[in-house]
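Here's a quick tour of the fold, helix by helix, with a stop at a pocket along the way. Have a look at the model first, and then we'll start with that pocket.

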Amino acid sequence: MPKITRIKQQDQQEQKEPDVQVICRKHNIGRHDLINLATTVARVGEMSPKEALIRLEEIDNISEFVEQIKLKHAFNQAEQSS
């Protein structure tokens, strides 16, 4: 039987877990609206849903953040079509 080796806890990167309740309170939105917003951010920003929630937790202004992502996506689309 092969020897089982365990990975040390220090070697693994700690991944932050998004707190949905904190995001909803911070931005004064409901959970349903948060799901729609996180979906849009994840698709347009080309990131995972978890990464989108983490980004939404970190930012202060949602509308400004969404506009930046949409502009970035539009420029990427324009470059690809050229």
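Helix H4 gives the most to the lining of the largest pocket, with six residues. Helices here are DSSP runs of H or I of at least four residues, strands are runs of E of at least two, and both are numbered from the N terminus. Before going further, note that this is a predicted model, where local features need pLDDT of at least 70, side-chain atom pairs count only at pLDDT 80 or more, and totals for chains, interfaces and linings use all residues. Residues are numbered from 1 along each chain as its sequence is written, and side-chain values use heavy atoms, with hydrogens and water left out.

**The pocket**

The largest pocket has a volume of about 180 Å³. For the record, the search runs on a 1 Å grid over the protein atoms alone: a pocket is an open set of points with protein on both sides within 12 Å along at least five of seven lines, while a cavity is a set where a 1.4 Å probe fits but cannot get out; lining residues have an atom within 4 Å of a point. Grid points are joined across faces, edges and corners, and the volume is the space filled by probe spheres set on the points.

Who lines this pocket? The list is Val-44, Gly-45, Glu-46, Met-47, Arg-55, Phe-65, Gln-68, Ile-69, Lys-72, His-73 and Asn-76. Sorted by class, that lining has four nonpolar, four polar and three charged residues. In this scheme Ala, Val, Leu, Ile, Met, Phe, Trp, Tyr, Cys and Pro are nonpolar, Asp, Glu, Lys and Arg are charged, and the others, Gly among them, are polar.

**The overall picture**

Stepping back, the protein chain has four helices and zero strands, so to speak an α-α-α-α pattern when read along the sequence. Of its 82 residues, 24% are buried. Buried means under 20% relative accessible area, exposed means over 50%, and partly exposed is in between (1.4 Å probe, protein chains only). Taking contacts between residues at least 6 apart in sequence, 59% join residues at least 24 apart, a contact being heavy atoms within 4.5 Å.

**Helix H4**

H4 covers residues 62-81, and at 1.5 Å a residue its 20 residues should span 28 Å; the end C-alpha atoms are 29 Å apart, which agrees. The expected span is 1.5 Å times one less than the number of residues. Ile-62, Phe-65, Val-66 and Ile-69 are the buried residues of H4. Seen down the axis, they fall within an arc of 95°, so they line one face of the helix; the arc is that of the directions from the helix axis to the C-beta atoms. That fits the usual geometry: an α-helix has 3.6 residues a turn, so residues three or four places apart point the same way.

The buried residues of H4 pack against H1 (20-27), H2 (31-44) and H3 (49-58). Over on the other side of H4, Leu-71, Phe-75 and Glu-79 are exposed. Ala-74 also belongs to H4, and it is partly exposed at 41% relative accessible area. Its C-alpha atom is separated by 9.2 Å from that of Val-44, 30 residues away along the chain.

**Helices H2 and H3**

H2 has 14 residues and reaches 20 Å from first to last C-alpha, close to the 20 Å expected. Its buried residues are Leu-34, Leu-37, Ala-38, Val-41 and Ala-42. Down the axis of H2 these fall within an arc of 130°, so they too line one face of the helix. What covers them includes H1, H3 and H4. The face turned away from that buried side carries exposed His-32, Ile-35 and Arg-43. Ile-35 and Val-20 are 15 residues apart in sequence and 9.6 Å apart in space, C-alpha to C-alpha.

In H3, Ala-52, Leu-53, Ile-54, Leu-56 and Glu-57 are buried. Their cover includes H1, H2 and H4.

**Exposed residues and the loops**

Three exposed residues can be set side by side.

| Residue | Place | Relative accessible area |
|---|---|---|
| Asn-28 | loop between H1 and H2 | 70% |
| Glu-46 | loop between H2 and H3 | 62% |
| Ile-35 | helix H2 | 54% |

Asn-28 has a phi near 55°, a positive value in a residue other than glycine. Glu-46, just after H2, takes a positive phi of about 50°. Glu-46 is also one of the residues lining the largest pocket.
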